[in-house]
Amino acid sequence: MESASAEDVVIPKNQSGFALIDMIFVCGLIGLLSGIALPRLMLAKQAAGSASAIGSMRVISSSQLTFALTCGSGFYAPKLTTLGVPPPGTSEPFISPDLSATDQVIKSSYAIQMTANAYSGAPGTCNGLAPNEAGQRFRAAADPTETTNARFFGINSYGLVYEDVTSLFAVMPEVGEPAAGHPLMR
């Protein structure tokens with residue numbers, strides 16, 4: 001058997017590509033950076049969802065006021081879907097379709113709902129609500145759909161947004177301060 005001489009062995013001069021250890025190092029570095037960034041990303045997502053919920057509470061309050069002044073003869077709509085019905089002569093509802101699709105809407109990881117107790121002396125409204133269905137006051141709340149978020153919001157006829165660490169919908173009166181929570185600055 002012949003042995004190979006030094007002249008027969010070919011050594012490549014320009015190797016290109018990655019070695020396995022290079023790939024493991026890069027994957028580890030990406031994992032480390034992702035681990036550092038992920039909690040901040042989750043906090044940013046929660047903050048954005050909370051800001052959207054607060055904005056939705058203010059939009060509901062403004063829409064209810066507009067409804068009461070222009071269409072409800074001083075009375076409020078009992079449901080979000082009622083605010084989504086435009087008055088005659090216009091195609092614009094009192095509230096945007098993303099908040100009036102159903103009586104409980106999921107938006108930006110929050111479940112948003114609103115009610116107004118029917119008042120027996122309420123007249124019919126210009127957008128088709130029957131007599132005795134509109135309310136003298138209203139209440140609305142936004143509860144997070146993710147268990148990692150502990151910011152709950154509510155609003156009522158006074159137009160002040162309240163925040164708590166538990167749902168405000170059950171304790172939010174249609175007028176006045178709720179039994180729990182604290183007001184947010186305007």
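**Exercise 1. Work out which way the side chains of β4 point, and whether the strand is buried or exposed.**

Solution. Start with the directions: F152, G154 and N156 point one way from β4, while F153 and I155 point the other way. Keep in mind as you go that this is a predicted model. Next, check the cover: buried means under 20% relative accessible area, and each of the residues on both sides of β4 is buried. Finally, put this together for the strand: five of the five residues of β4 are buried, so β4 is largely enclosed by the rest of the structure.

**Exercise 2. Find the strand order of the sheet and name its edge strands.**

Solution. Begin by tracing the sheet: six strands run in the order β1-β2-β3-β4-β5-β6, the pairing is antiparallel, and the sheet is open. Then look for strands that pair on one side only; these are the edge strands, β1 (104–107) and β6 (182–183). Now add the helix: α1 packs on the sheet and touches β1, β2 (110–115), β3 (139–144) and β4. To finish, compare directions, where α1 makes about 15° with β2. As a reminder, strands of a sheet pair through backbone hydrogen bonds, in a parallel or an antiparallel manner.

**Exercise 3. Follow the bridges from β2 across to β5, giving the number for each pair of strands.**

Solution. Let's go one pair at a time.

- Step one: β2 and β3 are antiparallel and share six bridges. Here M114 has A140 of β3 as its bridge partner.
- Step two: β3 and β4 are joined by four bridges, again in the antiparallel sense. Two partners in β4 can be named: I155 for A140, and F153 for A142.
- Step three: β4 (residues 152–156) and β5 (residues 162–164) have three bridges between them, also antiparallel. On this side, F153 is matched with E163 in β5.
- Step four: look at the connection. β4 and β5 form a hairpin with five residues between them, and G159 in that turn has a positive phi of about 80°.

**Exercise 4. Decide whether the two faces of β3 are covered or open.**

Solution. First sort the residues by side: R139, A141 and D143 belong to one face, and A140, A142 and P144 to the other. Then check each face; every one of these residues is buried, and both faces are covered. The conclusion follows for the whole strand: six of the six residues of β3 are buried, so β3 is largely enclosed by the rest of the structure.

**Exercise 5. Describe the surroundings of I112, and say whether the residue is buried or exposed.**

Solution. Locate the residue first: I112 sits in strand β2. Its relative accessibility is 1%, and because the cut-off for buried is under 20%, I112 counts as buried. Now list contacts, leaving out residues up to four places away in sequence: I112 touches S56, M57, I60, L80, L99, D103, Q104, V105, K107, A141 and A142. One of these, L99, is 13 residues from I112 in sequence, with a C-alpha to C-alpha distance of 8.0 Å.

For a second case, take M185, found in the segment after β6. M185 has a relative accessible area of 74% and is therefore exposed. Its C-alpha atom lies 26 Å from that of A77, which is 108 residues away along the chain.

**Exercise 6. Which residues make the nonpolar surface patch, and how does L29 fit in?**

Solution. Collect the members: F25, V26, L29, I30, L32, L33 and I36 make a nonpolar surface patch of about 710 Å². Then place L29, which lies in helix α1 (residues 20–70). Last, check its accessibility: at 40%, L29 counts as partly exposed.

**Exercise 7. Where do S108 and N132 lie, and what is the sign of phi at each?**

Solution. Take S108 first. S108 belongs to the loop between β1 and β2. Although S108 is not a glycine, its phi is positive, about 55°. With 39% relative accessibility, S108 counts as partly exposed.

Now treat N132, in the loop between β2 and β3. N132 is not a glycine either, yet its phi is positive at about 70°. N132 has a relative accessible area of 39% and is partly exposed.

Definitions and conventions: Residues numbered from 1 in each chain as written. Heavy atoms only, no water. Patch = residues over 30% accessible without salt bridge, like charges linked within 9 Å, V, L, I, M, F, W, Y side chains within 5 Å. Areas by Shrake-Rupley, 256 points an atom, 1.4 Å probe, with all protein chains shown as cover. Salt bridge = Lys/Arg side-chain N within 4 Å of Asp/Glu carboxyl O. Buried < 20%, exposed > 50% of the residue type's maximum accessible area, 1.4 Å probe, protein only. Pairing = 2+ DSSP bridges. Contact = heavy atoms within 4.5 Å. Axes fitted to C-alpha atoms, helices over the stretch in contact; angles between N-to-C directions.
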